[in-house]
Amino acid sequence: MTDLRWRRSPAGLAAIALLAALGVAVLVGSPGGLQLANPNRTAVTQFRSALAAIPADGMVLVAFDPDIGTYPEIRFAVRSALDDLLGRGNGLAIVSYTAEGRALALAEIERLVGHGAPSSRVLDLGFRTGGEAALVGSVTSIVPDAATGPLADALRARGGGLGAFNLALIVAGVDLGPRSWVEQVGTRVPGLPLAAMTPTTLRPELEPYMASGQLAALLGTLRDNAGYASSLQTPVGDRPPSSLAILVGMLAALVVLLQAGSRGIGARVRRAVTGRERW
Amino acid sequence: MSGLFPSDAAGVVGTWVAALLTIVVFGRIFGERRVFALAQYLLAGLATGYLAVLAVREVLIPRLVGPLLGDAGAHLALWLALPLVVAMVGVGYLPRRVAAVPVALLVGGIAAFALGGAVVGTVLPQLAAGIVAPGGTGTVVNGLVALIISALVLVSFVHGVPRRRVTAAAAAGGRWLVIGGLGAWLGYLLVSRLTLVVDRIGFLAFDWFGIGR
């Protein structure tokens, strides 16, 4: 059933117009002068330094827990980071603590293997249920009994827990993110550097952990993630969102905000004029 | 490109299904409600099915049933877990006193981990990091601003105590700061959601329609 009243209403027409404008903007892409990557490279430099500090044959735990609603914001940068780590010769062990993260991890593992990543350097540690309790359990044991291969053997030889890794790369969504890692793992395995790639919505929560040194690196905005991806030479077959489309959406949001604000101010003025409200 | 679908036949089918469902969801903007509702039911059903499969395949079988069937004597703790799992499954049918045991353990465990971690991992280190060391004027000003904002926001949460004029003004200021903070956070959230819409449009244009491939 089609709601024709909605379609013909100003709000409906505005929504259709916005969708059309976004469609055109996506096709136009990112014109010159509208740079998505953050010109302030501090976060990118810290992130790359954290990756560069890993020894050549080091092992990286990828805690893959993004959610479907925010993953598109960091997907292109996450793929760049995974390719970057493999290119440096590091082994990747991928684990998920959320159900959504596990679904996305499986897709990314399949993509990595499909693009020729050596199976000897990519290890699927599976899904661990229990949230923060599972994080604590991983401190002493994270390699499943069924896991085989040189990477699994090397991890077992180093103790089989989180201490076996040279870096934990936390790919986060809104569920179980870097804050839980800092609280549960950072306090128990202080020698394990924690680097995080997160959607913008987590940035306010995580900024204090960067300032206190509890996180070694943080790519916490769309612009920082775009800055990191553009700093690498190797394209990963994924593209960051169109900067023009983001600008169009932001302007539309600003219009909605101004309209709502002007309505509120107008109502207050009317009440003040009629004497029903004191200023 | 999302790159979530391989280029084989299964990938092509997956791309088509995803594209058609994306169009159905976007159809809500054009006033189409019934097919949109079907897409919602499909999402709820698939999510439930996925969670069930995940629980059985990646948790119950490899971590409970498998070890117990393999070497029952070596996993005594799992014998304790078994009745808890059974009680959780039948929580809607069992007497309240029986069902309360696994639920209480679950809630207690979550609270213990969360509270302990918050104190040791966040409150204490952040308190230590919040102490402003003597430095330049900028550092001191930043520290003072942070201190004033924190104090005002904390005052705004004080309830049930008679407030004098100064305290009430400070609480009102704290409330506005909280609202300002929430507004800023919504701005961050907007970026995430906007990127999601742009990504879906990009998926239709590039992955499905093949523009620029």
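Let's start inside chain A: strand β5 and strand β6 (residues 217-219) pair in the parallel sense over 3 bridges. One of the residue pairs here is A:Ala195 with its bridge partner A:Ala217 in β6(A). Keep in mind that what you are looking at is a predicted model.

**Around strand β5**

What lies on the other side of the story is β4(A), residues 167-172, which runs parallel to β5(A) and is joined to it by 4 bridges. Here A:Ile170 has A:Ala196 as its bridge partner in β5(A), while A:Val171 is matched with A:Met197.

The table below puts the named bridge partners together.

| Residue | Bridge partner | Strand of the partner |
|---|---|---|
| A:Ile170 | A:Ala196 | β5(A) |
| A:Val171 | A:Met197 | β5(A) |
| A:Ala195 | A:Ala217 | β6(A) |

Which way do the residues of β5(A), residues 194-197, point? A:Leu194 and A:Ala196 go one way, A:Ala195 and A:Met197 go the other, and all are buried. So for this strand, being buried means that each of these residues has 20 or more other C-beta atoms within 10 Å of its own.

Helices link these strands, too. Going from β4(A) through helix α8 (residues 178-186) to β5(A) gives a right-handed β-α-β unit. Carry on from β5(A) through helix α9 (residues 203-211) to β6(A), and there is a right-handed β-α-β unit again.

**The whole sheet**

Now zoom out a bit. These strands belong to an open sheet of 6 strands in chain A, with the order β3-β2-β1-β4-β5-β6 and parallel pairing. At the edges sit β3 (122-127) and β6 of chain A, each of which pairs on one side only. On average, neighbouring strands of this sheet are turned by 15° against each other, direction ignored. As a bit of background, strands of a sheet pair through backbone hydrogen bonds, either parallel or antiparallel.

**Chain A as a whole**

How many helices and strands does chain A have? The count is 11 helices and 6 strands. Its C-alpha atoms fill a box of roughly 80 × 45 × 45 Å, taken along the principal axes. Chain A has 279 residues, and 45% of them count as buried. If you take the contacts in chain A with a separation of 6 or more, 75% are between residues 24 or more positions apart.

The chain is divided into domain 1 (42-231) and domain 2 (242-279). Taken over C-alpha atoms, the centres of these two domains of chain A are 41 Å apart.

**A look at A:Ser141**

For a single residue to find on screen, try A:Ser141, in the loop between α6 (132-140) and α7 (150-157) of chain A. Is A:Ser141 buried or partly exposed? A:Ser141 counts as partly exposed because 13 other C-beta atoms lie within 10 Å. Leaving out residues up to four places away in sequence, A:Ser141 touches A:Gly160 and A:Gly161. A:Ile74, by contrast, is 67 residues from A:Ser141 in sequence and 29 Å from it in space, C-alpha to C-alpha.

**Meeting chain B**

Finally, the partner chain: 55 residues of chain A are in contact with 45 residues of chain B. On the chain A side, the largest share comes from helix α2 (residues 10-28), with 8 residues. Sorted by class, that side of chain A has 27 nonpolar, 18 polar and 10 charged residues.

Conventions. Residues are numbered from 1 along each chain as its sequence is written. Chains are lettered from A and ligands numbered from 1 in the order in which they are written. This is a predicted model: local features need pLDDT of at least 70, side-chain atom pairs count only at pLDDT 80 or more; totals for chains, interfaces and linings use all residues. Two residues are in contact if their C-beta atoms, placed from the backbone, lie within 7 Å. Helices (H or I, at least four residues) and strands (E, at least two) are DSSP runs, numbered from the N terminus. Ala, Val, Leu, Ile, Met, Phe, Trp, Tyr, Cys and Pro count as nonpolar, Asp, Glu, Lys and Arg as charged, and the others, Gly among them, as polar. Domain bounds come from an automatic or database domain assignment. A residue is buried if 20 or more other C-beta atoms lie within 10 Å of its own, exposed if 12 or fewer, and partly exposed in between; C-beta atoms are placed from the backbone. Two strands pair if DSSP finds at least two bridges between them. A crossover is right-handed if, with the strands pointing away from the viewer, the path from the first strand over the helix to the second runs clockwise. Axes are lines fitted to C-alpha atoms, for helices over the stretch in contact, and angles run from 0 to 180 degrees between N-to-C directions.
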